[in-house]
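The report below follows a group of aromatic side chains and then widens to the sheet, the core and the chain as a whole.

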Amino acid sequence: MDAAERKRKIIIGGALIATLIAALLVEDEEELAFQMAEAPLQPFRTTQEKNRKPETNTVQLDVSKLGQRKFNSQAGELFASTTWMPKQVMRNDPEEHEFKIVQPVKIAPPVPTAPPLQFKYTGKTITDNETWVFLSHSGENLITKIGGKINDQYRLDAINDDTVTVTYLPLNVKQTLTINQKLAGNFR
């Protein structure tokens, strides 16, 4: 056994002995506390007080006078509906009744509109008096002529030097696509 191991064993043994001594002292204190609790001190009494019998109070409380508990009917409803709208008061007067009932405001659904054009004009060509238009949509190249359909949702109506006019077929709404001559190519 080397010196470090010996030193470690001495420290651990000393801690064990200290723990045992502390446990014995605590047990002795608890026994004294229990012994003191078992024999409480009696106050000094005279012989007259010892001979006197304790009075017995036999008056009973009448429980029926206490009354019944009253419960709120909504106290137990955990999922009771709440609303911010005031309650409508019903009266016997029919004219007043007409004014009191507020008709809910009916909001018309928004008018459907065509989605914005997702096409990019890439060019056009004219062959045999027919104008073919080249469009690009999400990396896909589309070729159509006047009166032709694009993706079964649009129809090409007209082409000018500055604009391409298409109709959104589900709503029959005309839309225009602006042509930028600097970016697009024209072939003849």
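Tyr168 is buried, its relative accessible area being 12%, where buried means under 20% relative accessible area, exposed over 50% and partly exposed in between, with a 1.4 Å probe and protein chains only. The model is a predicted one, in which local features need pLDDT of at least 70 and side-chain atom pairs count only at pLDDT 80 or more, whereas totals for chains, interfaces and linings use all residues. Residues are numbered from 1 along each chain as its sequence is written, and side-chain values use heavy atoms, with hydrogens and water left out.

**Aromatic pairs**

A pair of aromatic rings is described by the distance of the centres and the angle of the planes. Rings of Phe, Tyr and Trp (its six-membered ring) pair if their centres lie within 6.5 Å, and planes under 30 degrees apart count as stacked, over 60 as edge-to-face and the rest as tilted. Searching the whole structure gives two aromatic pairs, set out here.

| Pair | Centre to centre | Angle between planes | Class |
|---|---|---|---|
| Phe119 and Tyr154 | 5.2 Å | 80° | edge-to-face |
| Tyr154 and Tyr168 | 5.3 Å | 55° | tilted |

Phe119 belongs to the loop between helix 3 (94–100) and strand 1 (120–127), while Tyr154 belongs to strand 5 (residues 154–159), so their pair ties together parts that are 35 residues apart in sequence. Helices (H or I, at least four residues) and strands (E, at least two) are DSSP runs, numbered from the N terminus. Phe119 counts as buried at 9% relative accessibility, and Tyr154 likewise counts as buried at 6%. Because Tyr154 lies in strand 5 and Tyr168 in strand 6 (residues 163–168), the tilted pair ties together parts that are 14 residues apart in sequence. Through these ring pairs, Phe119, Tyr154 and Tyr168 are linked into a cluster.

**Sheet and core**

Four strands form an open sheet in the order 4-5-6-7 with antiparallel pairing, where two strands pair if DSSP finds at least two bridges between them. Its edge strands, each pairing on one side only, are strand 4 (149–150) and strand 7 (173–178). Strands 4 and 5 pair in the antiparallel sense over two bridges, and Tyr154 in strand 5 is the bridge partner of Ile150.

Phe119 is in contact (heavy atoms within 4.5 Å) with residues including Leu135, Ile150, Tyr154 and Leu177, its neighbours within four places in sequence being left aside. The largest nonpolar core, a set of buried Ala, Val, Leu, Ile, Met, Phe, Trp, Tyr and Cys residues joined through side-chain atoms within 4.5 Å, has 16 residues, and those with the most contacts inside it are Phe119, Tyr121, Leu135 and Val164. Strand 2 (130–137), strand 5 and strand 6 are the elements that give two or more residues to this core.

**Ile179 and the whole chain**

Ile179 is placed in the loop between strand 7 and strand 8 (185–187) and counts as buried at 8% relative accessibility. Ile179 and Asp162 are 17 residues apart in sequence, and their C-alpha atoms are 5.0 Å apart in space. Residues up to four places away in sequence not being counted, Ile179 touches Tyr121, Ile159, Asn160, Asp161, Asp162, Thr163 and Val164.

The chain has three helices and eight strands, and of its 188 residues 15% count as buried.
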